[in-house]
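Subject: Structure for you to look through

Dear colleague,

I am passing on the structure that I mentioned, together with some notes on what turned up in it. Please keep the view open beside this message while you read.

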Amino acid sequence: MEIVTKTFNELSNIELYQIMRLRSEVFVVEQDCVYQDLDNKDQKAFHVVGSKDNKVVAYTRIFKPGDYFKNSSIGRVVVAADQRKYGYGKQIMLASLQAIEQRFPNTIVEISAQTYLLKFYTELGFERIGEEYLEDGIPHVKMIKS
């Protein structure tokens, strides 16, 4: 998998379409969650895009402090269902953390993690903060990495 980080305006139409399709496949269809994915925040985000054979298979978006949360943040973490066995989730998260460090050095990273992924994020150095809450009907927890 090749990983690149781009601004919204640097994404090609094909990349943007594939990102939106992947997010819809996983967050709306697979997780059976009706929510407004297109939230007018993509334009502010940096997009960390993992591709294989010219197809987007993994993705996150990252934000500088204050653009989403008070801290730097990573969101919309997604890997195509048929690609999860290759460790791409970890790879895309490590690339996202590296992109944050390059662009916004020495900042705390905050995420709103789906609760079932606590172990995954803890292994990446995130710590749970506070109680579980529902976001779009799915249990989440706030996590930070210093």
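Is Tyr121 buried or exposed? Before the answer, please bear in mind that this is a predicted model, and that everything below was computed from it. Tyr121 has a relative accessible area of 6%, and because anything under 20% is taken as buried, Tyr121 is buried.

The rings around this residue are a good place to go on from there. Tyr121 pairs with Phe126 in an edge-to-face arrangement, in which the ring centres are 6.0 Å apart and the planes stand at 80° to each other. Phe126 is itself buried, since its relative accessible area comes to 2%. The structure holds six aromatic pairs, and another of them joins Phe120 to Tyr121, again edge-to-face, with 5.0 Å from centre to centre and 70° between the planes. Phe120, however, is partly exposed, because its relative accessible area of 23% falls between the limits of 20% and 50%. Elsewhere in the chain, ring pairs tie Phe63, Tyr68 and Phe69 together into a cluster.

If you now step back to the whole chain, you should be able to trace three helices and seven strands, which follow one another from the N terminus in the order β-α-β-β-β-α-β-α-β-β. The radius of gyration is 14 Å, and this agrees with the value near 15 Å that would hold for a compact globule of 146 residues. Along the principal axes, the C-alpha atoms fill a box of roughly 40 × 35 × 30 Å.

Some totals for the protein chain may help you to read the picture. Of its 146 residues, 41% are buried, while its accessible surface amounts to about 8,300 Å², with 50% of that belonging to carbon and sulfur atoms. Among the contacts with a separation of 6 or more, 59% are between residues that stand 24 or more positions apart. The chain carries 19 positive and 20 negative charges, and the mean positions of these two sets lie 3 Å apart.

Which residues does Lys70 contact, once its neighbours within four places in sequence are left aside? They are Pro65 and Glu110, and the second of these is 40 residues away from Lys70 along the chain, although the two C-alpha atoms are separated by 8.3 Å. You will find Lys70 in the loop between β3 (55-63) and β4 (72-79), where this lysine counts as exposed at 73% relative accessibility.

Finally, two aspartates deserve a careful look at the backbone, as each has a positive phi without being a glycine. For Asp32 the angle is near 50°, and for Asp53 it is about 55°. Asp32 sits in the loop between α1 (13-30) and β2 (46-52), and Asp53 in the loop between β2 and β3. Both are exposed, with relative accessible areas of 68% for Asp32 and 72% for Asp53.

When you go through the model yourself, you might begin with the rings and then follow the loops in the order given here.

With kind regards

Definitions and conventions. Residues numbered from 1 in each chain as written. Predicted model: local features only at pLDDT ≥ 70, side-chain atom pairs only at ≥ 80, totals over all residues. Heavy atoms only, no water. Helix = DSSP H or I, 4+ residues; strand = E, 2+ residues; numbered from the N terminus. Rg over C-alpha atoms; globule rule 2.2 N^0.38 Å. Buried < 20%, exposed > 50% of the residue type's maximum accessible area, 1.4 Å probe, protein only. Contact = heavy atoms within 4.5 Å. Areas by Shrake-Rupley, 256 points an atom, 1.4 Å probe, with all protein chains shown as cover. Lys, Arg positive; Asp, Glu negative; His and termini not counted. Charge placed at Lys NZ, Arg CZ, Asp CG, Glu CD. Phe/Tyr/Trp six-rings, centres within 6.5 Å; stacked < 30°, edge-to-face > 60°.
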